[in-house]
Amino acid sequence: DVTPLIQVHLTGNYLDDRRRNGSVLKGNHTRVTDLRSGLRWVTGGGSAITVNFYGSHTGYSASSSSDALDRQSETPNLDQFDVPSDALGGQFQWSTTAFESHQLSAGVDASSVKGEVNEDISYSRTASAYTRRRRVAGHQRLLGVYFSDAVSLGETTRLFGTLRRDSWRNDDASRVIHSLSDGSLVVDSVYAPTSDSHLSYS
């Protein structure tokens, strides 16, 4: 606590997990870094303001193979050598008591997530190498705004009302495949952005 009316928090986490999954060519590696911070402030008028932020980065890689019938050998079939993702978000909330019996709250929350998959596919036994490289990527953003009221109707009864609007957008989506032998472009797909919103109440 900074003061009796102000609280601040900061936390962070890190994970590094590497595994072998039953054979030499099967395995995965996950790395996650996470950071969160926030503040809660009770004003002189009795209102409470809460602000929270977070950010994270995930790195991932994995390889897989198909086993021979006699289980004495294996052939690579997928190498996901770089699968990163990043997330950022925040939340703001204001709450207060009004007219002695109304507990009012209003706020906004937002997040942004982007990620991609970089992988080698189409393994050739003849060449003893992968023949294609594929990249798939995308970005999503979310935004929510809300207002709520909790009314006390007596010692044992409360009436709740909530209004919320959520909006989302997906963009920067693509799928690209190159030939590893000569660098030629095999697939180049770009997807149109999509967006929508929804109003809910209770």
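Select strands E8 and E9 to begin: E9 covers residues 185-191, and the two strands pair in the antiparallel sense over 6 bridges. The model on display is a predicted one. Within this pairing, pick isoleucine 177 and then valine 187, its bridge partner in E9. Next, move to the connection that links the two strands. E8 and E9 form a hairpin with 5 residues between them, and the residue to highlight in its turn is glycine 183, whose phi is positive at about 80°.

Keep E8 selected and add strand E7. E7 comprises residues 129-152 and E8 residues 158-179; the pair is antiparallel and is joined over 20 bridges. To locate one position in this ladder, show serine 152 together with arginine 158 of E8, which stands opposite. The hairpin of E7 and E8 also has 5 residues between its strands. Colour glycine 154 there: its phi is positive, near 150°.

Now add strand E10, residues 194-201, to the selection. E10 runs antiparallel to E8, and 8 bridges join the two. A useful pair to display is arginine 164 and serine 200, the latter lying in E10 opposite the arginine. With E7, E9 and E10 all shown, E8 can be followed through its pairing with E7, its pairing with E9 and its bridges to E10.

Release the selection and display the whole chain as a cartoon. The chain contains 10 strands and 0 helices. Read from the N terminus, its elements follow the order β-β-β-β-β-β-β-β-β-β. The chain is more spread out than a compact globule, because its radius of gyration is 25 Å, well over the 17 Å that the globule rule gives for 202 residues. Turning the view along the principal axes shows the extent of the C-alpha trace, which spans about 80 × 40 × 30 Å.

Switch to a surface representation. The exposed area of the chain is about 13,200 Å², of which carbon and sulfur atoms supply 56%. Colouring by burial comes next: 26% of the 202 residues count as buried.

Two further views complete the tour. For contacts, consider those in the chain with a separation of 6 or more: 57% of them are accounted for by residues 24 or more positions apart. For charge, colour the 20 positive and 23 negative charges of the chain separately; their mean positions lie 4 Å apart.

Key:
Residues numbered from 1 in each chain as written. Predicted model: local features only at pLDDT ≥ 70, side-chain atom pairs only at ≥ 80, totals over all residues. Heavy atoms only, no water. Pairing = 2+ DSSP bridges. Helix = DSSP H or I, 4+ residues; strand = E, 2+ residues; numbered from the N terminus. Rg over C-alpha atoms; globule rule 2.2 N^0.38 Å. Buried < 20%, exposed > 50% of the residue type's maximum accessible area, 1.4 Å probe, protein only. Contact = heavy atoms within 4.5 Å. Areas by Shrake-Rupley, 256 points an atom, 1.4 Å probe, with all protein chains shown as cover. Lys, Arg positive; Asp, Glu negative; His and termini not counted. Charge placed at Lys NZ, Arg CZ, Asp CG, Glu CD.
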